[in-house]
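Student: I should like to work through this model by way of questions and short reasoned answers. Please begin once the structure is displayed.

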Protein chains: 2
Amino acid sequence: MKSTDLKGVAERYRSTLLDDVIPFWMKFSPDLESGGYFTCLDRKGSVYDTDKFVWLQGREVWMFSHLYNNVERRTEWLEMALSGASFLEKHGRDPEGDFYFSLTREGKPLIQPYNIFSDCFAAMAFGELYKATGIARYGDISLSTFKNILKRADNPKGRWSKIYPGTRPMKGFSLPMILSNLSGQITHLIDHETVERIADECIHEVMDVFYSQEHGLILENVLPDGSFSDSFEGRLLNPGHAIEAMWFMMDMAASRGDRKLAHKAVDITLRTVEKGWDEQYGGIFYFLDVKGCPPQQLEWDQKLWWVHIETLISLAKGYRMTGDQRCLYWFERVDAYTWSHFPDPEYGEWYGYFNRMGEVLLPLKGGKWKGCFHVPRGLLQVWQAFRDDEIINTSGK
Amino acid sequence: MKSTDLKGVAERYRSTLLDDVIPFWMKFSPDLESGGYFTCLDRKGSVYDTDKFVWLQGREVWMFSHLYNNVERRTEWLEMALSGASFLEKHGRDPEGDFYFSLTREGKPLIQPYNIFSDCFAAMAFGELYKATGIARYGDISLSTFKNILKRADNPKGRWSKIYPGTRPMKGFSLPMILSNLSGQITHLIDHETVERIADECIHEVMDVFYSQEHGLILENVLPDGSFSDSFEGRLLNPGHAIEAMWFMMDMAASRGDRKLAHKAVDITLRTVEKGWDEQYGGIFYFLDVKGCPPQQLEWDQKLWWVHIETLISLAKGYRMTGDQRCLYWFERVDAYTWSHFPDPEYGEWYGYFNRMGEVLLPLKGGKWKGCFHVPRGLLQVWQAFRDDEIINTSGK
């Protein structure tokens, strides 16, 4: 792919976002009766299950607010965001202010707040909606939720943790990763000093603690001091996770003008794509074991939408920030795999799950884990990265 | 397959059990340093992880005790069982007497007793070992564990349950299913009246509450009154689970002389095999959605060892008990699929995980879920079912 083609790429991502993906969710996801969104949509967009997964509700509120703030101030997008926010505000939280994991269609709690991902996406959603509307209440919800998350960060699963304390105290990559994203999203709500402190911590956690010098890769779980645990959890690689975190790092590098961080994030991205790429069938594996042992995850060899989309973002941003041609080389390979598999030209939007060989595993457009988030966010991010000419070439570190 | 061939089939199962599978575990699973068993064994039998999953420890103790009690009183089998039992006795339980889910190699607790499956297999293990040795202490552990299980049966996940109470109170098939097996295994430890009462309850739960008249199938989760819940959990089918439970029902039918129960169990077995069979690639799916919606389980289309082995047991017993020729027809198909995929002629024992197309997904011989249990138990059960000539034909219900 030549850098001259990038405007064509940007246009493909833009038009798919605005003419296909967003209209799909606008049309099929609103629950006009009970409020909030349906996310369990089959290939054609029909609702096959009415349960509401709080993190996907938050993600869709965020997405429509973000489009409104960053693409165009379309009333219909704001209205979409507001309807989801109203449902979350009414039904999302338990008496402590923690967000449930899932609710019935009407908003009755089904699954307890057993992790903090619902909260993370709710904080992002209300923060972005505050930016769109200026309504103070939304800012307050975002901020109080963010404080709740920080309070729970040492033991994010709380009383639902199955770990016996002390024997092998591992920590997971999800939390620093998501905080890297979240803290950058709500900078308009917290003071500069706190933002910087949290950013410093996130960068340290992601790039030092979870980064394994020995392997040159990000590990999904490490011992408290960052050292390797030769156990199922310790050996686990989640290439999509690691690569997604790298564009959060690149965003931080951009806002700080930190060239070294940008280049390290690009290097880790490329190393992870190479490690995760399936030379036999193409696409990036979902899970791997760093020592090549059999992973516990039976879905390890599947090809998932979000893994590929997040990789495209990191490669696009990486190229934009460093001019590294390897980013373009890999962008082309992953772009070709992604666009020849995931989009559904017949009924719109993208499939989420392929088997290793690249055949549709589940024909759904949305479910418990796939909602209105990775596809539109990725299309927007790549469009934004490639629509302008200049490369912020920070090489010569 | 003609009924005259059955002795040849029995011989194939017998010799694989005694000349291949059991020697593999005898050779590779004992942890001579710390006690107990390694179960994370790669294709060649090498240990790739040393964590000890308590339910697999219990299952192996049971298996060797059961061989000693039912096949031949070989000292080496008893010693294998005793060494695992000693490890479990020393390290397996928390102060309340509940069995942990997993331990380090040395026996330190890793994962809390967040469900009761560890306990179920421990109760079976110590009960069977008591039968082998007559050592009262083993009987006491079995019995006290069994009582613990009954105490926890209303809320088996205890404080680790993520379900919000009251909104959609579902109950799962695993518990009545495993109690059907367990209660029949420890009849020598409890009084006849209690055995009968528990058996009545299990038969009612399995054959009435979880059996859906509408679908003619066993559902994996139902509402408390047995009615259908149109949710991911409520729509879930686990064909292997349902079919395995059917031979527990057949065993109960045999011990009670209950023809009607035996025939109903055969009918459900056959209907479930037909529903679960993959017409395109052969083999039985791991999970299905009863309404044909996309299941949540990404591994839904995989072909697992235990599903196929348990099916062979139910079909063999079903034929033996009813003479129903459909059992033989399906036994032949499932037997052909199973034996052309799962056994590893090069390094012994059986693979556990194939993708939908029948290619090895994970080359392991043991792991977190696969141990010394389904393969040897199944080989023994089919051997026992087919080694004798007579059919206990109970047709004419």
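**Helix packing, core and buried residues**

Tutor: Helices α3(B) and α4(B) lie oblique to each other. This is a predicted model, and the geometry of this pair is a suitable place to begin.

Student: At what angle do α3(B) and α4(B) pack?

Tutor: Helix α3 of chain B spans residues 75-91, and helix α4 of chain B spans residues 117-133. Their axes are 11 Å apart. Their crossing is left-handed. The packing angle is about 130°.

Student: How many residues of the contact of α3(B) with α4(B) are nonpolar?

Tutor: From α3(B), the contact is made by Leu78(B), Ala81(B), Leu82(B), Ala85(B), Leu88(B) and Glu89(B). From α4(B) come Phe126(B), Leu129(B), Ala132(B) and Thr133(B). One residue of this contact is polar and one is charged, and the nonpolar residues number eight.

Student: Turning to chain A, how are α10(A) and α12(A) oriented to each other, and why?

Tutor: Helix α10 (residues 259-276) and helix α12 (residues 325-341) of chain A pack with their axes 11 Å apart, at an angle of about 40°. An angle under 35 degrees would count as roughly parallel, and one from 65 to 115 as roughly perpendicular. The angle of this pair falls in neither range, so α10(A) is to α12(A) oblique.

Student: What is the handedness of that crossing, and how many charged residues does the contact hold?

Tutor: The crossing of α10(A) and α12(A) is left-handed. Val266(A), Asp267(A), Leu270(A), Val273(A) and Glu274(A) in α10(A) meet Arg326(A), Cys327(A), Trp330(A) and Val334(A) in α12(A). Six residues of this contact are nonpolar and none is polar, while the number of charged residues is three.

Student: Is His263(A) buried or exposed?

Tutor: His263(A) is found in helix α10 of chain A. Its relative accessibility is 9%, and the cut-off for burial is under 20%. His263(A) therefore counts as buried.

Student: Which residues touch the most other members of the largest nonpolar core?

Tutor: That core contains 283 residues. In general, nonpolar side chains tend to be buried together in soluble globular proteins. Beyond its neighbours within four places in sequence, Met246(A) is in contact with several residues, including Val206(A), Ile218(A) and Ile268(A). The residues that touch the most other core members are Met246(A), Phe386(A), Met246(B) and Phe386(B).

Student: What is the C-alpha to C-alpha distance between Asn181(B) and Phe248(B)?

Tutor: Asn181(B) is placed in helix α6 (residues 174-185) of chain B, and is buried, with a relative accessible area of 7%. Leaving aside neighbours within four places in sequence, Asn181(B) is in contact with Met124(B), Phe248(B) and Arg377(B). Asn181(B) and Phe248(B) are 67 residues apart in sequence, and the distance between their C-alpha atoms is 5.7 Å.

Student: What is the phi value of Glu349(A)?

Tutor: Glu349(A) is in the loop between α12 and β13 (353-354) of chain A. Glu349(A) is buried, with a relative accessible area of 0%. Its phi is positive although the residue is other than glycine, with a value near 55°.

Student: What relative accessible area does Glu349(B) have?

Tutor: Glu349(B) lies in the loop between α12 (325-341) and β13 (353-354) of chain B. Glu349(B) is not a glycine, yet has a positive phi of about 55°. Glu349(B) is buried, and its relative accessible area is 0%.

How values were computed:
Residues numbered from 1 in each chain as written. Chains lettered and ligands numbered in written order. Predicted model: local features only at pLDDT ≥ 70, side-chain atom pairs only at ≥ 80, totals over all residues. Heavy atoms only, no water. Core = buried A, V, L, I, M, F, W, Y, C linked by side-chain atoms within 4.5 Å. Buried < 20%, exposed > 50% of the residue type's maximum accessible area, 1.4 Å probe, protein only. Contact = heavy atoms within 4.5 Å. Axes fitted to C-alpha atoms, helices over the stretch in contact; angles between N-to-C directions. Helix = DSSP H or I, 4+ residues; strand = E, 2+ residues; numbered from the N terminus. Parallel < 35°, antiparallel > 145°, perpendicular 65-115°, else oblique. Left-handed = near helix turned anticlockwise from the far one by under 90°. Nonpolar A, V, L, I, M, F, W, Y, C, P; charged D, E, K, R; others polar.
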